[in-house]
Amino acid sequence: MRVLVTGGAGFLGSNLVDALVARGDTAIALDDLSTGSRTNLKPGVTLRVADVSNEAALYQAVTGQEFEVIVHCASKTKVVESMEKPELYRRVIVDGTRNVLALARDRRARMLVNISTGGAIYGETPICATEETKTEPPSNYGKFKLEAERLAAEAPIPTISLRLGNIYGPRQRTDLEGGVVAIFAAAWKRGQPLTVFGDGEDQRDYVYVGDAVDAITSAFAGTWTGVFNVGTGVATSVKMLIRVMAEVLGPPPQVFYTAARAGGVELDRSCLDSSKATQTGLWRPKTTLADGLRLTLAA
Ligand SMILES: NC(=O)c1ccc[n+]([C@@H]2O[C@H](COP(=O)([O-])OP(=O)(O)OC[C@H]3O[C@@H](n4cnc5c(N)ncnc54)[C@H](O)[C@@H]3O)[C@@H](O)[C@H]2O)c1
């Protein structure tokens, strides 16, 4: 199968490309390399460099190519930055998704998998959110991802939008928001103190990247359309994350608590109920946090 992966040189995209290559598919990565890197891709994987929000450049990058499936991972991903640079975020997320959907139709793709986000779209979730939970995105990032989902739903080809929890795993950068596992692991290895913003009680739904990749490839069957949560249903506090990491890495270096990050867009609790994916046979989480951390830290 020929699969185009936008954002294919990024954290999630490159893990997906690896999995596709391993199962014998032809994966073509398309990326503007703004946060992704060629070094995330194994030798032999085709990389086309283009900005998805530039329609002409996007088409030029894949001239004459057809794809059976497109997975749209390319996105700006920083919640706080999205409040400072709304135009950039709208252009890349909304215009970029519109262009990639049109490309999918133009290249006669059978379907498109749109990578969306759970936390940023639902806002605070005292009870783990189902797909029926009211969406209340507190940030521009979440608002634009929601708009991108609507574009996908209205597209003239079958699409599925996967609302992912907090993904962690090998190759996650330490300088991007949300990569708390990568940030802590790097500090731990260097013997440097861990910095926790707030009181350490903030909770997130951590999903191992291999499980997220499974959800994406499972969607290729084309049986499912619409919106699906991809989370574990387990909300883990930062303090608990440090305790589980300590089981793998030994006692932590010092832990410093500092003021919660500014911006008013960080959530206290984010958790996704993935019953819809489980009950319809699309996906279920496989990897426990402890196992996922072992896989991440061994890589
Ligand atoms: N990591 C998470 O916890 C998480 C959670 C929910 C959703 N997501 C979604 O998963 C997807 C991948 O995120 P990630 O965590 O791998 O981040 P990432 O930054 O590693 O990946 C995004 C990729 O998109 C590329 N990109 C950015 N703007 C582009 C543009 N205009 N044109 C082409 N390429 C562009 C970047 O260079 C990068 O390679 C995103 O859609 C993100 O919103 C991630």
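Tutor: Let's start with a term we'll need: two strands pair if DSSP finds at least two bridges between them. The elements are DSSP runs numbered from the N terminus, helices being H or I of at least four residues and strands E of at least two. This is a predicted model, where local features need pLDDT of at least 70 and side-chain atom pairs count only at pLDDT 80 or more, while totals for chains, interfaces and linings use all residues. Residues are numbered from 1 along each chain as its sequence is written.

Student: Great, how many bridges join β6 to β11?

Tutor: These two strands run parallel. One bridge places L164 opposite V230 of β11. In total, the number of bridges joining β6 to β11 is 5.

Student: Which are the edge strands of the sheet?

Tutor: The sheet is open, has 7 strands with parallel pairing, and follows the order β3-β2-β1-β4-β5-β6-β11. An edge strand pairs on one side only, and here that describes β3 (46-49) and β11 (226-230).

Student: By how many degrees are neighbouring strands of this sheet turned against each other on average?

Tutor: Angles run from 0 to 180 degrees between N-to-C directions, with axes as lines fitted to C-alpha atoms, for helices over the stretch in contact. For neighbouring strands here, direction is ignored, and the average turn is 20 degrees.

Student: Which strands does α4 touch as it packs on the sheet?

Tutor: Contact requires C-beta atoms, placed from the backbone, within 7 Å of each other. The direction of α4 makes about 175 degrees with that of β4. The strands α4 touches are β1 (2-6), β4 (69-72) and β5.

Student: Is I93 buried or exposed?

Tutor: I93 sits in helix α4 and is in contact with S75, K76, F144, K145 and A148, leaving aside neighbours within four places in sequence. The scale counts other C-beta atoms, placed from the backbone, within 10 Å of the residue's own: 20 or more is buried, 12 or fewer exposed, and anything in between partly exposed. Because I93 has 28 C-beta neighbours inside 10 Å, I93 counts as buried.

Student: Why is α8 largely enclosed by the rest of the structure?

Tutor: Helix α8 (residues 209-219) lies across β4, β5, β6 (159-164) and β11, at about 170 degrees to β6. Its buried residues include D211 and D214 alongside V213 and I216. The helix is largely enclosed because the buried share of its residues is 8 of the 11.

Student: Which element gives the largest share of the largest nonpolar core?

Tutor: A nonpolar core is a set of buried Ala, Val, Leu, Ile, Met, Phe, Trp, Tyr and Cys residues joined through C-beta atoms within 7 Å. The largest one has 86 residues, and V113 and L162 are among those with the most contacts inside it. The largest share, 7 residues, comes from α4.

Student: Which residues come nearest to the ligand?

Tutor: A residue is near a molecule if its C-beta atom, placed from the backbone, lies within 6 Å of it. Helix α1 gives the most to the shell around the ligand, with 3 residues. Of the 29 residues around the ligand, those that come nearest are G7, G10, F11, G36 and S75.

Student: What is the phi of R108 near?

Tutor: R108 belongs to the loop between α4 and β5. Most residues other than glycine have a negative phi. R108 has a positive value instead, near 55 degrees.

Methods:
Two residues are in contact if their C-beta atoms, placed from the backbone, lie within 7 Å.
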